[in-house]
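Colleague: I have a structure open and want to work through its helices and charged pairs. Can you take my questions one by one?

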Amino acid sequence: MTKKRNRTRPALSLQQRLNKFTQDARAAAKNLPAGSERHTLLQKARDGEAAAEMERLLCSPGPQHQK
């Protein structure tokens, strides 16, 4: 008999998880001196913001056509 996958939904929405990720990355970068590690964290924060914006646009109803 095969083992059944545990299929649970995340507690937070994707938008909330992306926002939390960007906030955490910016907070961690704030505590680091200038350098490659800080630059990487800030880049990840910008990527997270871009992903959140794309998700928001894709989930929006878009322009409504009048009938």
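What follows is a short exchange on helix geometry, burial and salt bridges in a predicted model.

Colleague: How far does helix H1 reach from its first C-alpha to its last?

Modeller: H1 covers residues 14-30, which makes 17 residues. At 1.5 Å a residue, 24 Å is expected. The model comes close to that: the reach is 24 Å.

Colleague: Which residues of H1 are buried?

Modeller: Buried means under 20% relative accessible area. In H1, the residues that count as buried are Leu18, Thr22, Ala25 and Ala29.

Colleague: Within what arc do the buried residues of H1 fall, seen down the axis?

Modeller: The buried residues of H1 line one face of the helix. That follows from the view down the axis, so the arc is the value to quote. The buried residues fall within 65 degrees.

Colleague: Which exposed residues does the face of H1 turned away from the buried side carry?

Modeller: Exposed means over 50% relative accessible area. On the face of H1 turned away from its buried side, the exposed residues are Gln23 and Lys30.

Colleague: What do the buried residues of H1 pack against?

Modeller: H2 has its own buried residues: Ala45, Gly48, Ala52 and Glu55. These pack against H1. From the other side, the buried residues of H1 pack against helix H2 (36-59).

Colleague: How far apart are the end C-alpha atoms of H2?

Modeller: H2 has 24 residues. At 1.5 Å a residue, they should span 34 Å. The model agrees, with the end C-alpha atoms separated by 34 Å.

Colleague: Is Thr40 buried, partly exposed or exposed?

Modeller: Thr40 lies in helix H2. Its relative accessible area is 40%. Buried needs under 20% and exposed over 50%. Thr40 is therefore partly exposed.

Colleague: What distance separates the C-alpha atoms of Thr40 and Thr8?

Modeller: Along the chain, Thr40 and Thr8 are 32 residues apart. In space, their C-alpha atoms are separated by 31 Å.

Colleague: Now the charged pairs. How many salt bridges are there?

Modeller: Side chains of opposite charge can pair when their charged atoms come close. The rule asks for a side-chain nitrogen of Lys or Arg within 4 Å of a carboxyl oxygen of Asp or Glu. By this rule the salt bridges number 3.

Colleague: Which residue forms a salt bridge with Asp24?

Modeller: Asp24 is partly exposed at 41% relative accessibility. The closest N and O atoms of its salt bridge are 2.9 Å apart. The partner sits 4 residues away in helix H1, about one helical turn. That partner, itself partly exposed at 44%, is Lys20.

Colleague: How many residues apart are Arg26 and Glu49?

Modeller: Arg26 forms a salt bridge with Glu49, with the closest N and O atoms 3.1 Å apart. Arg26 is partly exposed at 34%, and Glu49 is partly exposed at 39%. The pair links distant parts of the chain, with Arg26 in helix H1 and Glu49 in helix H2. Along the chain they are 23 residues apart.

Colleague: What is the N to O distance in the salt bridge of Arg56 and Glu53?

Modeller: Arg56 and Glu53 are 3 residues apart in helix H2, about one helical turn. Arg56 is partly exposed at 42% relative accessibility, and Glu53 is partly exposed at 37%. Their side chains meet in a salt bridge, N to O at 2.7 Å.

Definitions and conventions. Residues numbered from 1 in each chain as written. Predicted model: local features only at pLDDT ≥ 70, side-chain atom pairs only at ≥ 80, totals over all residues. Heavy atoms only, no water. Helix = DSSP H or I, 4+ residues; strand = E, 2+ residues; numbered from the N terminus. Expected span 1.5 Å × (residues − 1). Buried < 20%, exposed > 50% of the residue type's maximum accessible area, 1.4 Å probe, protein only. Arc of directions from axis to C-beta. Contact = heavy atoms within 4.5 Å.
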